[in-house]
Amino acid sequence: MWSSLRRISNMKCLFSSAQSLSLSPKPISNTHHTPSPPLSSAFLQPTTRCPAIRSLWFKPRIAEGVRALHTMQNPEAISYLTQSQAAEIDEILMGPLGFSVDQLMELAGLSVATSIAEVYKPSEYNRVLAICGPGNNGGDGLVAARHLHHFGYKPFVCYPKRTAKPLYTGLVTQLESLSVPFISVEDLPLDLSKDFDIVVDAMFGFSFRGDPRPPFDNLIQKLNCINNYDQTRQKSSAVVSIDIPSGWQVEGDGGPEGIKPDMLVSLTAPKLCAKNFCGPHHFLGGRFVPPSIADKYKLRLPPYPGTSMCVRMGKPPQVEISALRENYISPEFLEEQVEADPFDQFRKWFDDVVASGLREPNAMALSTACKNGKPSSRMVLLKGFDKNGFVWYTNYESRKAQELFENPHASLLFYWDGLNRQVRVEGSVQKVSDEESDQYFHSRPRGSQIGAIVSKQSTIVPGRHVLYDQYKELEEKFADGSLIPKPKNWGGYRLKPEMFEFWQGQKSRLHDRLRYSPREINGQQVWKIERLAP
(Lines give C-alpha, C1' and ligand atoms only; values in the text may rest on other atoms or scores of the structure.)
Protein backbone atom coordinates (compact mmCIF):
# COMPACT_ATOMS: atom_id res chain seq x y z
CA MET A 1 0.00 0.00 0.00
CA TRP A 2 1.04 3.59 0.46
CA SER A 3 4.24 2.81 2.33
CA SER A 4 5.22 6.43 2.87
CA LEU A 5 2.25 6.78 5.21
CA ARG A 6 4.59 5.58 7.96
CA ARG A 7 6.37 8.94 7.67
CA ILE A 8 3.19 10.94 8.09
CA SER A 9 0.93 8.79 10.24
CA ASN A 10 1.24 11.29 13.10
CA MET A 11 0.37 14.25 10.88
CA LYS A 12 -2.84 16.02 11.92
CA CYS A 13 -5.58 15.94 9.33
CA LEU A 14 -7.33 19.17 8.51
CA PHE A 15 -10.64 17.33 8.55
CA SER A 16 -10.82 14.82 11.33
CA SER A 17 -34.08 -28.97 -27.06
CA ALA A 18 -34.12 -29.83 -30.91
CA GLN A 19 -35.53 -33.38 -30.95
CA SER A 20 -38.42 -32.72 -28.65
CA LEU A 21 -39.34 -29.64 -30.69
CA SER A 22 -39.70 -31.65 -33.90
CA LEU A 23 -43.01 -33.16 -32.84
CA SER A 24 -45.87 -33.46 -35.30
CA PRO A 25 -46.50 -29.83 -36.22
CA LYS A 26 -49.96 -28.38 -35.68
CA PRO A 27 -50.97 -24.83 -36.63
CA ILE A 28 -51.00 -22.57 -33.60
CA SER A 29 -54.44 -21.63 -32.46
CA ASN A 30 -55.61 -18.06 -32.95
CA THR A 31 -58.71 -18.67 -30.89
CA HIS A 32 -59.11 -16.18 -28.08
CA HIS A 33 -59.28 -17.63 -24.61
CA THR A 34 -60.81 -16.36 -21.45
CA PRO A 35 -58.21 -14.08 -19.84
CA SER A 36 -56.21 -15.88 -17.20
CA PRO A 37 -56.00 -14.74 -13.59
CA PRO A 38 -53.44 -11.98 -12.86
CA LEU A 39 -49.93 -13.13 -13.67
CA SER A 40 -46.82 -12.79 -11.57
CA SER A 41 -44.84 -10.12 -13.42
CA ALA A 42 -41.30 -8.78 -13.46
CA PHE A 43 -40.40 -5.86 -15.71
CA LEU A 44 -36.75 -5.29 -16.59
CA GLN A 45 -34.83 -3.82 -19.50
CA PRO A 46 -34.46 -6.15 -22.51
CA THR A 47 -31.23 -7.93 -23.27
CA THR A 48 -29.78 -9.74 -26.28
CA ARG A 49 -27.89 -12.98 -25.89
CA CYS A 50 -27.40 -16.03 -28.05
CA PRO A 51 -28.14 -19.25 -26.13
CA ALA A 52 -27.99 -22.72 -27.57
CA ILE A 53 -31.15 -24.66 -28.15
CA ARG A 54 -32.92 -26.93 -25.71
CA SER A 55 -30.51 -28.71 -23.40
CA LEU A 56 -27.45 -26.48 -23.87
CA TRP A 57 -26.96 -24.18 -20.91
CA PHE A 58 -25.60 -20.68 -21.44
CA LYS A 59 -23.70 -18.24 -19.28
CA PRO A 60 -24.30 -14.55 -20.01
CA ARG A 61 -21.56 -11.97 -19.73
CA ILE A 62 -22.10 -8.24 -19.17
CA ALA A 63 -20.11 -5.80 -21.32
CA GLU A 64 -18.57 -2.89 -19.42
CA GLY A 65 -18.30 -0.49 -22.36
CA VAL A 66 -16.09 -0.11 -25.41
CA ARG A 67 -14.34 3.04 -24.20
CA ALA A 68 -13.36 1.48 -20.88
CA LEU A 69 -12.12 -1.66 -22.66
CA HIS A 70 -9.86 0.33 -24.98
CA THR A 71 -8.48 2.34 -22.06
CA MET A 72 -7.66 -0.79 -20.09
CA GLN A 73 -5.99 -2.55 -23.01
CA ASN A 74 -3.76 0.35 -24.09
CA PRO A 75 -0.80 0.76 -21.67
CA GLU A 76 0.15 4.08 -23.25
CA ALA A 77 -3.21 5.56 -22.24
CA ILE A 78 -2.49 4.93 -18.54
CA SER A 79 -0.55 7.19 -16.15
CA TYR A 80 2.44 5.83 -14.19
CA LEU A 81 3.79 7.43 -11.02
CA THR A 82 7.38 8.07 -10.02
CA GLN A 83 8.48 7.28 -6.48
CA SER A 84 8.35 10.97 -5.47
CA GLN A 85 4.89 11.46 -7.00
CA ALA A 86 3.54 8.43 -5.15
CA ALA A 87 4.90 9.83 -1.87
CA GLU A 88 3.41 13.28 -2.55
CA ILE A 89 -0.03 11.80 -3.25
CA ASP A 90 0.14 9.92 0.04
CA GLU A 91 0.91 13.12 1.90
CA ILE A 92 -2.04 14.89 0.30
CA LEU A 93 -4.38 12.02 1.08
CA MET A 94 -3.23 11.92 4.69
CA GLY A 95 -3.17 15.69 5.03
CA PRO A 96 -5.81 18.04 3.67
CA LEU A 97 -7.98 15.25 2.26
CA GLY A 98 -8.45 13.72 5.69
CA PHE A 99 -7.77 10.05 5.04
CA SER A 100 -6.34 7.91 7.84
CA VAL A 101 -3.87 5.06 7.53
CA ASP A 102 -6.40 2.43 8.50
CA GLN A 103 -8.94 3.71 5.94
CA LEU A 104 -6.47 3.50 3.07
CA MET A 105 -5.13 0.17 4.28
CA GLU A 106 -8.64 -1.29 4.39
CA LEU A 107 -9.37 -0.09 0.85
CA ALA A 108 -6.04 -1.43 -0.38
CA GLY A 109 -6.44 -4.86 1.20
CA LEU A 110 -9.98 -5.17 -0.10
CA SER A 111 -8.78 -4.23 -3.60
CA VAL A 112 -6.11 -6.94 -3.44
CA ALA A 113 -8.57 -9.58 -2.24
CA THR A 114 -11.14 -8.76 -4.92
CA SER A 115 -8.44 -8.80 -7.61
CA ILE A 116 -7.37 -12.27 -6.50
CA ALA A 117 -10.98 -13.44 -6.48
CA GLU A 118 -11.43 -12.16 -10.05
CA VAL A 119 -8.82 -14.61 -11.37
CA TYR A 120 -8.22 -17.38 -8.84
CA LYS A 121 -11.38 -19.15 -7.72
CA PRO A 122 -11.32 -20.59 -4.17
CA SER A 123 -12.50 -23.94 -5.47
CA GLU A 124 -9.16 -24.34 -7.29
CA TYR A 125 -6.80 -21.95 -5.48
CA ASN A 126 -7.86 -22.29 -1.88
CA ARG A 127 -4.67 -22.16 0.21
CA VAL A 128 -3.24 -18.64 0.34
CA LEU A 129 0.00 -17.61 2.06
CA ALA A 130 0.37 -13.88 2.76
CA ILE A 131 3.99 -12.90 3.44
CA CYS A 132 3.80 -9.55 5.22
CA GLY A 133 6.52 -6.99 5.84
CA PRO A 134 6.77 -4.59 8.79
CA GLY A 135 5.24 -1.55 7.02
CA ASN A 136 1.98 -0.54 5.42
CA ASN A 137 2.47 -2.92 2.50
CA GLY A 138 2.46 -5.69 5.09
CA GLY A 139 -0.67 -4.19 6.61
CA ASP A 140 -2.33 -4.38 3.21
CA GLY A 141 -1.47 -8.07 3.15
CA LEU A 142 -3.02 -8.62 6.58
CA VAL A 143 -6.25 -6.91 5.51
CA ALA A 144 -6.30 -8.88 2.26
CA ALA A 145 -5.91 -12.13 4.20
CA ARG A 146 -8.94 -11.26 6.33
CA HIS A 147 -11.10 -10.53 3.29
CA LEU A 148 -9.90 -13.67 1.53
CA HIS A 149 -11.03 -15.70 4.53
CA HIS A 150 -14.53 -14.26 4.18
CA PHE A 151 -14.42 -14.90 0.42
CA GLY A 152 -14.03 -18.64 1.06
CA TYR A 153 -10.23 -19.04 0.85
CA LYS A 154 -8.02 -20.60 3.51
CA PRO A 155 -5.36 -17.97 4.30
CA PHE A 156 -2.10 -18.41 6.20
CA VAL A 157 0.12 -15.53 7.29
CA CYS A 158 3.90 -15.25 7.61
CA TYR A 159 4.60 -12.01 9.54
CA PRO A 160 8.20 -12.22 10.80
CA LYS A 161 8.84 -8.57 11.77
CA ARG A 162 5.71 -7.45 13.52
CA THR A 163 4.93 -3.78 14.10
CA ALA A 164 3.84 -2.94 17.63
CA LYS A 165 1.48 -0.09 16.68
CA PRO A 166 -2.20 -0.62 17.63
CA LEU A 167 -3.30 -0.62 13.98
CA TYR A 168 -1.15 -3.65 13.20
CA THR A 169 -1.76 -5.51 16.45
CA GLY A 170 -5.48 -5.03 15.80
CA LEU A 171 -5.16 -6.60 12.37
CA VAL A 172 -3.36 -9.57 13.90
CA THR A 173 -6.09 -9.94 16.53
CA GLN A 174 -8.76 -9.88 13.83
CA LEU A 175 -7.04 -12.71 11.95
CA GLU A 176 -6.49 -14.72 15.11
CA SER A 177 -10.21 -14.40 15.92
CA LEU A 178 -10.89 -16.06 12.55
CA SER A 179 -8.42 -18.86 13.41
CA VAL A 180 -6.13 -17.83 10.55
CA PRO A 181 -2.80 -19.61 11.20
CA PHE A 182 0.43 -17.60 11.55
CA ILE A 183 3.52 -19.43 10.30
CA SER A 184 7.11 -18.61 11.20
CA VAL A 185 9.79 -18.36 8.53
CA GLU A 186 11.43 -21.48 9.94
CA ASP A 187 8.24 -23.50 9.51
CA LEU A 188 7.73 -22.60 5.87
CA PRO A 189 8.41 -25.45 3.43
CA LEU A 190 11.41 -25.15 1.12
CA ASP A 191 9.03 -25.32 -1.84
CA LEU A 192 6.02 -23.09 -1.22
CA SER A 193 4.16 -24.63 -4.16
CA LYS A 194 3.66 -27.86 -2.27
CA ASP A 195 1.56 -26.29 0.48
CA PHE A 196 0.07 -23.13 -1.06
CA ASP A 197 -1.91 -22.32 -4.20
CA ILE A 198 -1.36 -18.55 -3.97
CA VAL A 199 1.45 -16.58 -2.35
CA VAL A 200 0.78 -12.89 -1.67
CA ASP A 201 3.92 -10.75 -1.71
CA ALA A 202 3.19 -7.97 0.78
CA MET A 203 6.75 -7.36 2.01
CA PHE A 204 7.85 -3.97 0.65
CA GLY A 205 6.12 -1.02 -0.96
CA PHE A 206 7.26 1.94 -3.06
CA SER A 207 9.10 3.75 -0.23
CA PHE A 208 11.52 0.87 0.39
CA ARG A 209 15.15 1.52 -0.53
CA GLY A 210 18.33 -0.57 -0.40
CA ASP A 211 18.76 -4.33 -0.34
CA PRO A 212 16.34 -6.59 1.52
CA ARG A 213 17.70 -7.81 4.85
CA PRO A 214 17.06 -11.14 6.60
CA PRO A 215 14.66 -12.83 6.70
CA PHE A 216 13.10 -11.06 3.69
CA ASP A 217 16.03 -11.74 1.38
CA ASN A 218 15.46 -15.45 1.93
CA LEU A 219 11.71 -15.11 1.47
CA ILE A 220 12.23 -13.33 -1.85
CA GLN A 221 14.42 -16.23 -2.95
CA LYS A 222 11.61 -18.63 -2.05
CA LEU A 223 9.30 -16.68 -4.33
CA ASN A 224 11.92 -16.81 -7.08
CA CYS A 225 11.99 -20.60 -6.75
CA ILE A 226 8.27 -20.71 -7.54
CA ASN A 227 9.06 -19.12 -10.90
CA ASN A 228 11.17 -22.14 -11.79
CA TYR A 229 8.29 -24.17 -13.13
CA ASP A 230 8.44 -27.83 -12.23
CA GLN A 231 7.33 -29.93 -15.21
CA THR A 232 6.24 -32.73 -12.88
CA ARG A 233 3.44 -30.56 -11.47
CA GLN A 234 0.24 -29.51 -13.16
CA LYS A 235 0.67 -26.01 -11.76
CA SER A 236 2.86 -24.02 -9.40
CA SER A 237 1.73 -21.41 -6.88
CA ALA A 238 0.48 -18.12 -8.25
CA VAL A 239 2.50 -15.16 -6.93
CA VAL A 240 0.57 -11.94 -6.31
CA SER A 241 2.54 -8.75 -5.56
CA ILE A 242 0.95 -5.74 -3.90
CA ASP A 243 1.78 -2.41 -5.62
CA ILE A 244 5.52 -3.17 -6.06
CA PRO A 245 7.08 -6.63 -6.46
CA SER A 246 9.34 -6.86 -3.41
CA GLY A 247 12.97 -6.16 -4.29
CA TRP A 248 12.11 -4.23 -7.46
CA GLN A 249 13.24 -0.66 -8.08
CA VAL A 250 10.16 1.57 -8.05
CA GLU A 251 11.20 3.16 -11.33
CA GLY A 252 12.90 0.09 -12.77
CA ASP A 253 12.55 -3.65 -12.35
CA GLY A 254 13.85 -6.51 -10.25
CA GLY A 255 16.66 -7.53 -12.56
CA PRO A 256 17.19 -11.09 -13.77
CA GLU A 257 16.98 -12.42 -10.19
CA GLY A 258 13.88 -10.44 -9.19
CA ILE A 259 10.43 -11.76 -8.40
CA LYS A 260 8.33 -12.45 -11.47
CA PRO A 261 4.77 -12.34 -10.11
CA ASP A 262 1.78 -13.75 -11.94
CA MET A 263 -0.37 -10.87 -10.72
CA LEU A 264 0.42 -7.29 -9.83
CA VAL A 265 -2.17 -5.21 -7.98
CA SER A 266 -1.21 -1.54 -8.38
CA LEU A 267 -2.70 0.85 -5.83
CA THR A 268 -3.92 4.42 -6.48
CA ALA A 269 -2.08 4.41 -9.82
CA PRO A 270 0.55 2.07 -11.27
CA LYS A 271 4.17 2.96 -10.53
CA LEU A 272 6.78 3.20 -13.29
CA CYS A 273 8.07 -0.30 -12.59
CA ALA A 274 4.66 -1.68 -13.62
CA LYS A 275 5.69 -1.04 -17.24
CA ASN A 276 8.15 -3.91 -16.81
CA PHE A 277 5.56 -6.29 -15.40
CA CYS A 278 5.19 -9.21 -17.82
CA GLY A 279 2.76 -11.40 -15.90
CA PRO A 280 -0.72 -12.25 -17.18
CA HIS A 281 -2.78 -10.31 -14.62
CA HIS A 282 -2.36 -6.60 -13.83
CA PHE A 283 -5.08 -4.97 -11.76
CA LEU A 284 -5.58 -1.48 -10.35
CA GLY A 285 -7.11 -0.99 -6.91
CA GLY A 286 -7.71 1.82 -4.45
CA ARG A 287 -10.93 3.30 -5.73
CA PHE A 288 -10.84 6.64 -3.94
CA VAL A 289 -8.69 9.05 -6.00
CA PRO A 290 -10.45 12.45 -5.84
CA PRO A 291 -10.62 14.80 -8.85
CA SER A 292 -8.18 17.25 -7.28
CA ILE A 293 -5.38 14.66 -7.27
CA ALA A 294 -6.31 13.32 -10.70
CA ASP A 295 -6.17 16.84 -12.14
CA LYS A 296 -2.96 17.87 -10.38
CA TYR A 297 -1.01 14.82 -11.54
CA LYS A 298 -2.88 14.49 -14.86
CA LEU A 299 -3.80 10.92 -13.98
CA ARG A 300 -5.31 8.85 -16.76
CA LEU A 301 -6.76 5.74 -15.15
CA PRO A 302 -9.25 3.14 -16.38
CA PRO A 303 -12.81 3.49 -15.06
CA TYR A 304 -13.87 0.95 -12.46
CA PRO A 305 -16.71 -1.29 -13.65
CA GLY A 306 -19.93 -1.15 -11.68
CA THR A 307 -19.29 -1.37 -7.95
CA SER A 308 -16.00 -3.24 -8.29
CA MET A 309 -12.99 -2.37 -6.12
CA CYS A 310 -10.55 -3.37 -8.87
CA VAL A 311 -10.16 -3.07 -12.63
CA ARG A 312 -8.03 -5.15 -14.99
CA MET A 313 -5.31 -3.34 -16.90
CA GLY A 314 -3.98 -4.54 -20.23
CA LYS A 315 -5.35 -7.31 -22.38
CA PRO A 316 -6.72 -10.41 -20.63
CA PRO A 317 -4.45 -13.44 -21.12
CA GLN A 318 -5.16 -15.84 -23.94
CA VAL A 319 -6.68 -19.04 -22.63
CA GLU A 320 -7.41 -22.45 -24.05
CA ILE A 321 -11.17 -22.76 -24.40
CA SER A 322 -10.93 -26.45 -23.56
CA ALA A 323 -9.39 -25.52 -20.18
CA LEU A 324 -12.25 -23.26 -19.13
CA ARG A 325 -14.37 -24.89 -16.46
CA GLU A 326 -16.21 -24.06 -13.27
CA ASN A 327 -16.23 -26.28 -10.20
CA TYR A 328 -19.58 -25.37 -8.67
CA ILE A 329 -20.10 -25.23 -4.92
CA SER A 330 -23.80 -25.41 -4.00
CA PRO A 331 -26.07 -26.91 -1.36
CA GLU A 332 -27.53 -30.28 -2.26
CA PHE A 333 -30.81 -30.29 -4.15
CA LEU A 334 -32.68 -33.35 -2.87
CA GLU A 335 -36.00 -34.93 -3.80
CA GLU A 336 -37.32 -34.81 -0.25
CA GLN A 337 -36.67 -31.06 -0.06
CA VAL A 338 -38.44 -29.92 -3.23
CA GLU A 339 -42.03 -28.83 -3.73
CA ALA A 340 -44.44 -31.45 -5.10
CA ASP A 341 -45.71 -28.97 -7.70
CA PRO A 342 -43.07 -27.65 -10.17
CA PHE A 343 -44.83 -24.28 -10.41
CA ASP A 344 -44.34 -23.85 -6.67
CA GLN A 345 -40.70 -24.93 -6.98
CA PHE A 346 -40.15 -22.45 -9.80
CA ARG A 347 -41.73 -19.68 -7.75
CA LYS A 348 -39.44 -20.57 -4.83
CA TRP A 349 -36.31 -20.41 -6.99
CA PHE A 350 -37.46 -17.30 -8.83
CA ASP A 351 -38.01 -15.50 -5.52
CA ASP A 352 -34.47 -16.51 -4.49
CA VAL A 353 -33.07 -15.00 -7.69
CA VAL A 354 -34.95 -11.74 -7.27
CA ALA A 355 -33.80 -11.49 -3.64
CA SER A 356 -30.18 -12.11 -4.68
CA GLY A 357 -30.16 -9.07 -6.94
CA LEU A 358 -29.08 -10.91 -10.09
CA ARG A 359 -29.55 -8.92 -13.28
CA GLU A 360 -32.66 -9.72 -15.33
CA PRO A 361 -33.87 -12.79 -13.43
CA ASN A 362 -36.71 -13.11 -15.97
CA ALA A 363 -34.37 -13.44 -18.99
CA MET A 364 -34.88 -16.77 -20.72
CA ALA A 365 -33.80 -18.59 -23.86
CA LEU A 366 -36.77 -19.42 -26.06
CA SER A 367 -36.09 -22.34 -28.43
CA THR A 368 -38.42 -23.14 -31.32
CA ALA A 369 -38.35 -25.24 -34.50
CA CYS A 370 -40.09 -24.96 -37.87
CA LYS A 371 -42.17 -27.77 -39.37
CA ASN A 372 -39.11 -29.53 -40.84
CA GLY A 373 -37.42 -29.58 -37.42
CA LYS A 374 -34.77 -26.88 -38.04
CA PRO A 375 -34.27 -25.26 -34.64
CA SER A 376 -33.53 -21.68 -33.58
CA SER A 377 -33.26 -19.86 -30.27
CA ARG A 378 -33.16 -16.32 -28.93
CA MET A 379 -33.43 -14.37 -25.70
CA VAL A 380 -36.81 -13.09 -24.51
CA LEU A 381 -38.12 -11.79 -21.21
CA LEU A 382 -40.68 -13.62 -19.13
CA LYS A 383 -43.56 -11.28 -18.30
CA GLY A 384 -45.66 -13.49 -16.11
CA PHE A 385 -46.31 -17.03 -14.92
CA ASP A 386 -48.94 -18.95 -13.01
CA LYS A 387 -50.41 -22.45 -13.06
CA ASN A 388 -51.64 -21.81 -16.62
CA GLY A 389 -48.15 -21.29 -17.98
CA PHE A 390 -45.34 -18.85 -18.84
CA VAL A 391 -46.08 -15.68 -20.83
CA TRP A 392 -43.91 -13.46 -23.04
CA TYR A 393 -44.68 -10.85 -25.71
CA THR A 394 -43.31 -10.32 -29.21
CA ASN A 395 -44.02 -9.44 -32.83
CA TYR A 396 -46.36 -11.97 -34.47
CA GLU A 397 -44.52 -11.57 -37.80
CA SER A 398 -41.08 -12.46 -36.41
CA ARG A 399 -39.19 -15.66 -37.21
CA LYS A 400 -40.06 -17.25 -33.88
CA ALA A 401 -43.73 -16.44 -34.44
CA GLN A 402 -43.64 -18.14 -37.84
CA GLU A 403 -41.98 -21.19 -36.34
CA LEU A 404 -44.57 -21.32 -33.55
CA PHE A 405 -47.31 -21.14 -36.18
CA GLU A 406 -45.81 -24.15 -37.97
CA ASN A 407 -44.86 -26.08 -34.83
CA PRO A 408 -46.55 -24.84 -31.62
CA HIS A 409 -44.04 -26.39 -29.22
CA ALA A 410 -41.11 -24.69 -27.50
CA SER A 411 -38.68 -24.86 -24.62
CA LEU A 412 -37.65 -22.15 -22.16
CA LEU A 413 -34.32 -21.98 -20.38
CA PHE A 414 -33.56 -19.84 -17.34
CA TYR A 415 -29.91 -19.57 -16.26
CA TRP A 416 -29.16 -17.94 -12.91
CA ASP A 417 -25.38 -17.69 -12.72
CA GLY A 418 -24.94 -16.39 -9.18
CA LEU A 419 -26.95 -19.24 -7.67
CA ASN A 420 -25.58 -22.03 -9.93
CA ARG A 421 -29.14 -22.81 -11.00
CA GLN A 422 -30.93 -23.49 -14.26
CA VAL A 423 -34.51 -24.38 -15.12
CA ARG A 424 -35.72 -25.82 -18.43
CA VAL A 425 -39.42 -25.93 -19.32
CA GLU A 426 -40.94 -27.66 -22.36
CA GLY A 427 -44.52 -27.48 -23.58
CA SER A 428 -47.11 -26.41 -26.12
CA VAL A 429 -47.66 -22.76 -27.03
CA GLN A 430 -50.74 -20.65 -27.76
CA LYS A 431 -51.37 -16.96 -28.27
CA VAL A 432 -52.87 -15.06 -25.36
CA SER A 433 -56.09 -13.11 -25.91
CA ASP A 434 -56.12 -9.66 -27.51
CA GLU A 435 -57.48 -8.26 -24.27
CA GLU A 436 -54.54 -9.64 -22.29
CA SER A 437 -52.00 -8.39 -24.86
CA ASP A 438 -53.62 -4.96 -25.00
CA GLN A 439 -53.62 -4.64 -21.22
CA TYR A 440 -49.93 -5.49 -20.99
CA PHE A 441 -48.97 -3.29 -23.96
CA HIS A 442 -50.39 -0.18 -22.32
CA SER A 443 -48.69 -1.01 -19.02
CA ARG A 444 -45.28 -0.62 -20.72
CA PRO A 445 -43.31 2.65 -20.75
CA ARG A 446 -44.42 4.81 -23.69
CA GLY A 447 -40.95 4.54 -25.22
CA SER A 448 -41.27 0.74 -25.30
CA GLN A 449 -44.73 1.03 -26.90
CA ILE A 450 -43.31 3.21 -29.67
CA GLY A 451 -40.36 0.84 -30.08
CA ALA A 452 -42.74 -2.08 -30.65
CA ILE A 453 -44.38 -0.15 -33.49
CA VAL A 454 -41.07 0.91 -35.06
CA SER A 455 -39.44 -2.53 -34.98
CA LYS A 456 -40.55 -4.84 -37.78
CA GLN A 457 -38.83 -7.65 -35.96
CA SER A 458 -36.41 -9.89 -37.90
CA THR A 459 -36.69 -7.80 -41.10
CA ILE A 460 -33.61 -6.19 -42.68
CA VAL A 461 -33.01 -2.53 -41.75
CA PRO A 462 -30.84 -0.24 -43.96
CA GLY A 463 -29.22 1.31 -40.87
CA ARG A 464 -29.79 2.23 -37.26
CA HIS A 465 -30.65 5.79 -38.26
CA VAL A 466 -33.83 4.50 -39.90
CA LEU A 467 -35.09 3.17 -36.57
CA TYR A 468 -34.16 6.43 -34.79
CA ASP A 469 -35.91 8.56 -37.41
CA GLN A 470 -39.11 6.51 -37.24
CA TYR A 471 -38.98 6.52 -33.45
CA LYS A 472 -38.57 10.29 -33.31
CA GLU A 473 -41.46 10.79 -35.72
CA LEU A 474 -43.81 8.69 -33.59
CA GLU A 475 -42.53 10.26 -30.39
CA GLU A 476 -43.53 13.67 -31.71
CA LYS A 477 -46.86 12.34 -32.94
CA PHE A 478 -47.82 11.05 -29.48
CA ALA A 479 -46.15 13.86 -27.52
CA ASP A 480 -49.58 15.06 -26.39
CA GLY A 481 -49.97 11.96 -24.22
CA SER A 482 -52.68 10.40 -26.34
CA LEU A 483 -53.18 6.64 -26.31
CA ILE A 484 -50.63 4.72 -28.39
CA PRO A 485 -52.47 1.94 -30.25
CA LYS A 486 -51.14 -1.59 -29.93
CA PRO A 487 -50.02 -2.96 -33.31
CA LYS A 488 -52.24 -5.76 -34.57
CA ASN A 489 -49.14 -7.89 -35.21
CA TRP A 490 -47.95 -7.65 -31.61
CA GLY A 491 -49.02 -9.73 -28.63
CA GLY A 492 -48.28 -12.49 -26.18
CA TYR A 493 -47.71 -16.23 -26.11
CA ARG A 494 -48.29 -18.67 -23.30
CA LEU A 495 -46.31 -21.91 -22.92
CA LYS A 496 -48.21 -24.62 -21.07
CA PRO A 497 -45.54 -26.79 -19.38
CA GLU A 498 -45.37 -30.51 -20.09
CA MET A 499 -41.94 -30.97 -18.46
CA PHE A 500 -39.76 -29.10 -15.94
CA GLU A 501 -36.11 -29.76 -15.22
CA PHE A 502 -34.37 -28.08 -12.27
CA TRP A 503 -30.55 -28.06 -12.32
CA GLN A 504 -28.19 -27.25 -9.44
CA GLY A 505 -24.44 -27.12 -10.15
CA GLN A 506 -22.23 -29.29 -7.94
CA LYS A 507 -18.56 -30.22 -7.55
CA SER A 508 -16.82 -32.46 -10.09
CA ARG A 509 -19.79 -32.27 -12.48
CA LEU A 510 -21.98 -34.32 -10.13
CA HIS A 511 -24.81 -31.84 -10.69
CA ASP A 512 -28.33 -32.25 -9.33
CA ARG A 513 -30.99 -32.66 -12.04
CA LEU A 514 -34.61 -33.21 -11.04
CA ARG A 515 -37.27 -33.65 -13.72
CA TYR A 516 -41.00 -33.13 -13.22
CA SER A 517 -43.29 -34.89 -15.71
CA PRO A 518 -47.11 -35.18 -15.54
CA ARG A 519 -48.86 -38.45 -14.72
CA GLU A 520 -52.54 -39.27 -14.32
CA ILE A 521 -53.51 -41.17 -11.18
CA ASN A 522 -57.16 -41.92 -10.40
CA GLY A 523 -58.25 -39.34 -12.92
CA GLN A 524 -56.09 -36.60 -11.42
CA GLN A 525 -52.89 -35.15 -12.81
CA VAL A 526 -49.87 -35.35 -10.54
CA TRP A 527 -46.22 -34.56 -11.18
CA LYS A 528 -43.66 -37.36 -11.02
CA ILE A 529 -40.19 -36.33 -9.81
CA GLU A 530 -37.19 -38.22 -11.17
CA ARG A 531 -33.45 -37.67 -10.73
CA LEU A 532 -31.42 -37.57 -13.95
CA ALA A 533 -27.74 -38.37 -14.31
CA PRO A 534 -25.69 -35.17 -14.77
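Exposed, in these legends, means over 50% relative accessible area, and buried means under 20%. The views all come from a predicted model.

**View 1. Ser458, an exposed loop residue with a positive phi.** Ser458 sits in the loop that runs between helix H13 (446-454) and helix H14 (464-477). Its relative accessible area is 56%, and the cut-off for exposed is over 50%, so Ser458 counts as exposed. Check the backbone here too: phi of Ser458 is positive, about 75°, even though Ser458 is not a glycine. For background, most residues other than glycine have a negative phi.

**View 2. Arg509, in the loop between strands S14 and S15**. Here's another backbone to look at: Arg509 isn't a glycine, yet its phi is positive, near 65°. The strands on either side of this loop are S14 (490-504) and S15 (512-521). Arg509 has 61% relative accessibility, and since exposed means over 50%, Arg509 goes down as exposed.

**View 3. The cis peptide bond between Pro214 and Pro215**. Omega is about 0° for the bond that joins these two prolines. Pro215 belongs to the loop between strand S3 (198-202) and helix H8 (216-227). As a reminder, most peptide bonds are trans.

**View 4. Asp243, buried in a loop**. The loop in question lies between strand S4 (238-242) and strand S5 (263-267). Asp243 has a relative accessible area of just 1%, and the cut-off for buried is under 20%, so Asp243 counts as buried. What does its side chain pair up with? The partner is the side chain of Lys271, and a polar contact of 2.8 Å joins the two.

**View 5. Helices H5 and H7, crossing at an oblique angle**. Two packed helices are described by the angle between their axes and the distance between the axes. For H5 (residues 101-119) and H7 (residues 166-177), the axes come within 11 Å and cross at roughly 40°. That angle is neither under 35 degrees nor in the 65 to 115 range, so the two helices are oblique to each other. The crossing of H5 and H7 is right-handed. Which residues meet where these helices touch? On the H5 side they are Val101, Asp102 and Met105, and on the H7 side Leu167, Tyr168 and Leu171. By type, the contact of H5 with H7 breaks down into five nonpolar residues, one charged and no polar.

Definitions and conventions:
Residues are numbered from 1 along each chain as its sequence is written. This is a predicted model: local features need pLDDT of at least 70, side-chain atom pairs count only at pLDDT 80 or more; totals for chains, interfaces and linings use all residues. Side-chain values use heavy atoms; hydrogens and water are left out. Axes are lines fitted to C-alpha atoms, for helices over the stretch in contact, and angles run from 0 to 180 degrees between N-to-C directions. Helices (H or I, at least four residues) and strands (E, at least two) are DSSP runs, numbered from the N terminus. Angles under 35 degrees count as roughly parallel, over 145 as roughly antiparallel, 65 to 115 as roughly perpendicular and the rest as oblique. A crossing is left-handed if the near helix is turned anticlockwise from the far one by less than a right angle, and right-handed if clockwise. Contact means heavy atoms within 4.5 Å. Ala, Val, Leu, Ile, Met, Phe, Trp, Tyr, Cys and Pro count as nonpolar, Asp, Glu, Lys and Arg as charged, and the others, Gly among them, as polar. Buried means under 20% relative accessible area, exposed over 50%, partly exposed in between (1.4 Å probe, protein chains only). A polar contact is a pair of N or O atoms within 3.5 Å; within protein, one must be able to donate a hydrogen and the other to accept it, and residues adjacent in sequence count only if both atoms are side-chain atoms.
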